[in-house]
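Biologist: I am new to this structure. Please give me one close look at how its strands are arranged and what is packed against them.

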Amino acid sequence: MSSSVLSRRQFFGLAAASAALASSANAEAASSTERDFSQFSFTSNGRTAKIFSSAITEPITILQISDSHLYLDDERDAEYREFSARMAKAYNHTKRFSDGKETNPTEMFAEIADYAKDQKFDAIALTGDIVSFPSLANVEFVKEKMDLTETPYFYSCGNHDWHYEGLPGSEKELRDQWIEKRLKPLYPEGVDPLCYSRIVKGVNLLLIDDSINEILPRQLEFLRAELAKNLPTLVFLHIPLFAPERDLDYAIGHPDFNDVHDRYWESERRPRWPREGHTAVTYDFRDEVVNAKNVLGVFAGHVHGTSLDLLNGTPSNVVTAAYDGSTLRIELQPFPKRPAPRRD
Ligand SMILES: [Fe+2]
């Protein structure tokens with residue numbers, strides 16, 4: 001398994017080096033394509049994922065938080081109660097993963113924020129369903145706790161963050177509306193909330209919103225432009241990429257994604273998945289992520305369970321829900337150097 005991964009990455013590493021020579025007119029592009037992707041290793045126990053790469057120059061730690069499903073609400077959003085009622089009761093009582101103690105999403109989110117502050121991560125990635133609906137109380141709480149960590153945090157929506165169940169409109173429209181109306185304070189200033197990037201210690205973090213089970217053309221263009229930088233890259237999504245044998249929670253590029261297989265459209269009071277299934281853009285997005293030699297990992301949530309798939313050699317991770325205190329610690333480190341070989 002590992003040798004095929006390495007050979008794939010070595011192949012693309014050589015291809016990138018050739019490309020660098022061909023595009024020497026662009027000094028910036030040429031210097032980034034000189035990154036050495038020849039050595040790669042990945043290990044995970046579901047709580048900590050470690051990536052070793054020859055393209056990494058200094059250690060980096062990132063905390064991924066997903067699916068905390070906060071349900072805070074107050075009188076300011078009383079008019080939306082009929083649209084938040086089901087989700088307001090969905091995850092109120094949880095058990096802390098570490099000791100089984102009875103708890104709740106609010107308490108766990110506060111505990112995770114304290115942990116993040118203590119650990120001094122280089123970045124925090126919030127990969128959706130952080131809130132179960134976009135109430136003012138929810139957004140204010142998340143912002144307050146994340147600001148307290150004194151850590152750069154990067155947020156992207158899940159399918160619940162912007163969703164008041166039963167409000168009329170398409171998912172695309174409702175997502176845009178509620179990001180603008182409520183969720184915007186959670187994003188870095190001035191970014192496109194549906195796709196943005198940040199470079200942290202030389203690693204390109206991509207936050208791409210796939211919360212409507214679809215990738216838009218501008219998101220695919222964004223991906224291509226970011227991958228062309230040829231930096232070591234991590235892709236953060238809410239809904240995981242399709243992997244054979246995985247169910248429809250792994251919807252991005254899933255061949256069975258269509259109206260017939262949509263089990264939750266009535267209970268979630270949203271439009272049914274399209275009869276025709278995915279767009280070509282969504283399929284292309286999935287394929288281009290897993291075929292990119294500089295994508296060192298994909299990190300999603302949505303499933304509320306931990307999983308790891310190798311997709312064309314790229315580790316595709318799912319972190320379990322933060323409502324029980326779970327997170328994923330992502331560590332990136334330079335690939336260990338070998339001492340000079342023995343001379344027999
Ligand atoms: Fe969720």
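Modeller: A strand here is a DSSP run of at least two residues marked E, with numbers counted from the N terminus, and two strands pair if DSSP finds at least two bridges between them. The model is predicted.

Take strand β2, residues 48–53, and strand β14, residues 328–334: they run parallel and are joined by six bridges. One residue to look up there is K50, whose bridge partner in β14 is E331. Both strands belong to an open sheet of six, ordered β1-β2-β14-β3-β6-β7, in which the pairing is mixed. At the edges are β1 (40–44) and β7 (153–156), each with pairing on one side only. On average, and ignoring direction, neighbouring strands of this sheet are turned by 15 degrees against each other.

The part that deserves the close look is another open sheet, also made of six strands and also mixed in its pairing, with the order β8-β9-β10-β11-β13-β12. Its edge strands are β8 (195–200) and β12 (307–311), each of which pairs on one side only. From one strand to the next, the twist averages 20 degrees. In a regular strand, side chains alternate between the two faces of the sheet.

Strand β13 shows the mixed pairing well. With β11 (residues 295–300), strand β13 (residues 314–318) pairs in the parallel sense, over three bridges; A300 has V318 of β13 as its bridge partner. With β12, β13 runs antiparallel, and five bridges join the two. Within that pairing, L311 is matched by T314 of β13. The strands β12 and β13 form a hairpin with two residues between them, and in this hairpin N312 takes a positive phi near 50 degrees.

Next, what is packed against this sheet? Helix α7 (residues 217–227) lies across β8, β9 (203–208) and β10 (233–236), and runs at about 175 degrees to β9. Helix α7 also packs with helix α8 (residues 280–291), at an angle of about 20 degrees and with the axes 9 Å apart. Angles under 35 degrees count as roughly parallel, so α7 is roughly parallel to α8. Their crossing is left-handed. On the α7 side the contact is made by P217, Q219, L220 and L223, and on the α8 side by V281, D284, F285, E288 and V289.

V289 also belongs to the largest nonpolar core, which has 81 residues; the members that touch the most others are I124, A125, L205, V235, F236, V289 and F299. Setting aside neighbours within four places in sequence, V289 is in contact with L223, V235, L241, V295 and V298.

For contrast, look at two loop residues. K184 is in the loop between α6 (171–183) and β8. K184 counts as partly exposed because 13 other C-beta atoms lie within 10 Å, and that label covers counts above 12 and below 20. K184 and Y115 are 69 residues apart in sequence, and their C-alpha atoms are 25 Å apart. R76 is in the loop between β3 (60–65) and α3 (81–88). With 11 other C-beta atoms within 10 Å, R76 is exposed, because the cut-off for that label is 12 or fewer. R76 and S135 are 59 residues apart in sequence, yet 8.3 Å apart in space, C-alpha to C-alpha.

Terms used
Residues numbered from 1 in each chain as written. Predicted model: local features only at pLDDT ≥ 70, side-chain atom pairs only at ≥ 80, totals over all residues. Helix = DSSP H or I, 4+ residues; strand = E, 2+ residues; numbered from the N terminus. Axes fitted to C-alpha atoms, helices over the stretch in contact; angles between N-to-C directions. Contact = placed C-beta atoms within 7 Å. Core = buried A, V, L, I, M, F, W, Y, C linked by C-beta atoms within 7 Å. Parallel < 35°, antiparallel > 145°, perpendicular 65-115°, else oblique. Left-handed = near helix turned anticlockwise from the far one by under 90°.
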